[in-house]
Amino acid sequence: MKNNERIKLFLVDDDAVYLKLLEIDFLQYADFSIETYPTGESCMKNLTHFPDVIILDYHLDGIVKNAMNGLETLRKIKDFNPDIPVIMLSSQDSIEVAINCMHNRAFDYVVKSETAFFRLRKIITTIFHYKKMEKELNWYVDRM
Amino acid sequence: MNNQESQYARSLIEASLDPLVTLNTEGKIMDMNEATARITGKTREALTGSDFFDYFTESQKAREVYQQIFAKGFVKDYPLTIIDGHLTPVLFNGSVYKDDQGNVLGAVIVARDITEQRRIERELIDAKVFAERAAITAEEATAIAELATTIAKEATATAEEAKNKAEYAVKSKQQFLSNMSHEIRTPMNAIIGFTKVVLKTELTAKQKEYLTAIKMSGDALIVLINDILDLAKVDAGKMSFEHTPFKMAASIAAMLHVFEIKILEKNLRFVKEYDARIPEILLGDSVRLHQIILNLVSNAVKFTAKGHITVSVRLLEETPELATIEFSVADTGIGISDSKIDKIFENFQQASSSTARIFGGTGLGLAIVKQLVEHQGGTILVKSKVDVGSTFSFVLTFQKTDIVSELDTEIVELDPQIRNIKVLVVEDMALNQLLMKTLLDDFGFDRDIASNGKIAIEKLQLKSYDIILMDLQMPEMNGFEATEYIRTKLNSKIPIIALTADVTTVDLAKCRAVGMNDYIAKPVDERILYSKIIGLVKKATPPPLHKSIETEMVVITKCTDLNYLLLRTKANPNLMMEMITAYLDQTPTLLQAMRKGYDEKDWEILGATIHKLIPSFSIMGMHANFENMAKKVQEFANNQHQLDDIADMVFQIETVCNQACKELEVEFNNLKNSNHEK
């Protein structure tokens, strides 16, 4: 990440209302470059836009039958590029869901609640903190 | 030269203290004065004609003097040493003397005795050396002094460093304990709380047994954490005692009440003796007093299998200002042997390690009791006999007061008349939120939950509450900041109770400083919670009546409330319109799918559509009842049970969402128009 480059976020949720709210929250918070997608399929098609972070809803197959669900999408994103951090969103506060997400290499899991946005914000900060540390580590490793 | 003149010259020569010798050209002594004879210790006769050189330690050198005189005609200050009784150092001065024709006849030599000069010189040198040495010594002393200073400085630095280290250690220990306390208490809070909640539901005997075991273990763990924290506070010198008025008799009675059932269960007799002469209200720390008696009585109960436990409180002495009271707890238990009795007040000591296995306990109780008593200027004594029993007694002095006790810590019984109390719970942990909801619902109170201080403030501006329960550690805006804001910016006197897992004195002082009214330690004891809420709400002035009616009216007439959106979009009309559009686009489709799912008994679709609807209720400010209803439908649909109840709920959700759409369309147009006007 270069400092002058905007952070590119993918928000993927089939709940249009929630998606909009999240987009508004992020845009108000910082100058993110945001792309929103209502389905896992549309998100996959646009992975070539190189998102820095993807925020992915767990329930993507709610209304549209045979739609890719959140976990499948997560797996496919990770197959495409395991380095893209994905934060899972769900309205279910369930350990099972959380564990499923983490097993499939999600960076974190957030429950849709009043504090979801703050939590997402914190997680994104953490992601970039880690990335910076990794970069530093690689720099040293290269020179050893 | 006449005779008289030569006589005169001779007498001058003889008078000289310096030896005076005349030599002939061969170096033989021709004549001399008295001083020469005296210094060489020889007679004139012996000297005359003798060899001049024989009288010196270095005759070669003496010969050189002689040769020099004859070669140059004189010699000046030539040093030699005369051999005599005691080797006299001399300086020679001499010159040749000639006859009238200029022929050298001999030499006249004067030897100056320089013994004295030498001595003085030596002394001077000695003095110089001494002075030099002294100077060196002084220098050395300075150096040593400097070294000493450096060492002293280093020592000071080391000491300071050590002090800093020690202070840091104490601080980090405090911090660690504070953190640990929080980290352990928070999950314990949930464990114990939910166990209590589950225990209230219908259970099989086995389930009840297991849950009771969980709860007891949880309680024991909390006691241990509290004990460790207390001792740590004593170590850190942080133990402070209150001086607040309290009713001694009522306070002790309420506390002992706790033990009644336990003592009855063990078939023991509980004897309480209270001296009626004790002043009703005293100044002191009732909580600590409870803690002391509680520890002693629970020990007594623990170690007594049959007989009785006697708690007596006696007035020992009373002055116009002070009352000295003796408290004693006697049991007929296993007793303590003489060899162990000195150790029982030490940390982690029980009379024998086997007692710990049989009776449990941390072994910290008595150590804490001792600290608590002694830090209040009291003394504690124990008398015991194995298999007969033990008596613990302590004496404390309390200040007397006329002030009527303001804080009634007596536990208020559940009062069915007090309802309609509106509580705002500010708590970020979902589990704790749920727990508080459950407890408050049990009390029959209205409650709202805010996940952090910021949200709480937003809620306060929209609705009036009777009391706030405030967690301290929260993201975004913590409990301290929120309280400060409420007190100073909102100018509200609403009672605020801190919910804290961290009971270090530091935090409690901070609670008071920012204007909190009281605190409750987690895990929350529901009776304490109830009595504190009632106590504070009763005291506070009731909120104006018309306001609550107003809010209810709003609820009745409209199902949506855009305040949340206003806040989230910072009242940006375009963003609000975007949000409303998203809702209006999505909701009808979802409602259709929901209806279809229900009609076709496609529970999966029903569950999924309801799931999508859930977040929008709170976003559009619809009553939480509908959200809860939707959650229930989702649960029933997913588990496919209680399907009969779904029909009505699906209908209600449909109705309210359709109404919401209508309302939002109006709002959208209003926004659009006002946007155009600008």
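The expected span of a helix is 1.5 Å times one less than its number of residues. I start there because one helix in this predicted model can be checked against that rule.

The helix is α12 of chain B, residues 430-443. With 14 residues at 1.5 Å a residue, α12(B) should span 20 Å, and its end C-alpha atoms are 20 Å apart, so the two values agree. Which residues of α12(B) are buried? They are N432(B), L435(B), M436(B), L439(B) and L440(B). These residues cover an arc of only 125° around the axis, which means that they sit on the same side of α12(B). Here is the general background. An α-helix has 3.6 residues a turn, so residues three or four places apart point the same way. Just after α12(B) comes G444(B), which takes a positive phi of about 80°.

Now chain A. It has five helices and five strands, and from the N terminus on the order is β-α-β-α-β-α-β-α-β-α. Of the 144 residues in chain A, 38% are buried. Take the contacts in chain A with a separation of 6 or more: residues 24 or more positions apart account for 58% of them.

Next, how the two chains meet. On the chain A side 20 residues are in contact with 26 residues of chain B. Which element of chain A gives the most to that side? Helix α1, residues 16-29, does, with eight residues. By class, the side of chain A that touches chain B has seven nonpolar, six polar and seven charged residues.

On to the nonpolar cores. The largest has 66 residues, and those that touch the most other members are I55(A), I87(A), M88(A), M579(B) and A630(B). Helix α19 of chain B, residues 573-599, gives the most to this core, with 10 residues. Apart from this core lies another, of 34 residues, with A300(B), A323(B), A330(B) and F398(B) among them. Back to I55(A): leaving aside neighbours within four places in sequence, I55(A) is in contact with L9(A), F10(A), L11(A), V12(A), I87(A), L89(A) and L120(A).

One last residue, D599(B), which is in helix α19 of chain B. Is D599(B) buried or exposed? A residue counts as exposed if 12 or fewer other C-beta atoms lie within 10 Å of its own. D599(B) has 10 C-beta neighbours inside 10 Å, and therefore counts as exposed. From C-alpha to C-alpha, D599(B) and A647(B) are 9.6 Å apart in space, with their positions 48 residues apart in sequence as the separation.

How values were computed:
Residues are numbered from 1 along each chain as its sequence is written. Chains are lettered from A and ligands numbered from 1 in the order in which they are written. This is a predicted model: local features need pLDDT of at least 70, side-chain atom pairs count only at pLDDT 80 or more; totals for chains, interfaces and linings use all residues. Two residues are in contact if their C-beta atoms, placed from the backbone, lie within 7 Å. Helices (H or I, at least four residues) and strands (E, at least two) are DSSP runs, numbered from the N terminus. Ala, Val, Leu, Ile, Met, Phe, Trp, Tyr, Cys and Pro count as nonpolar, Asp, Glu, Lys and Arg as charged, and the others, Gly among them, as polar. A nonpolar core is a set of buried Ala, Val, Leu, Ile, Met, Phe, Trp, Tyr and Cys residues joined through C-beta atoms within 7 Å. A residue is buried if 20 or more other C-beta atoms lie within 10 Å of its own, exposed if 12 or fewer, and partly exposed in between; C-beta atoms are placed from the backbone. The arc is that of the directions from the helix axis to the C-beta atoms.
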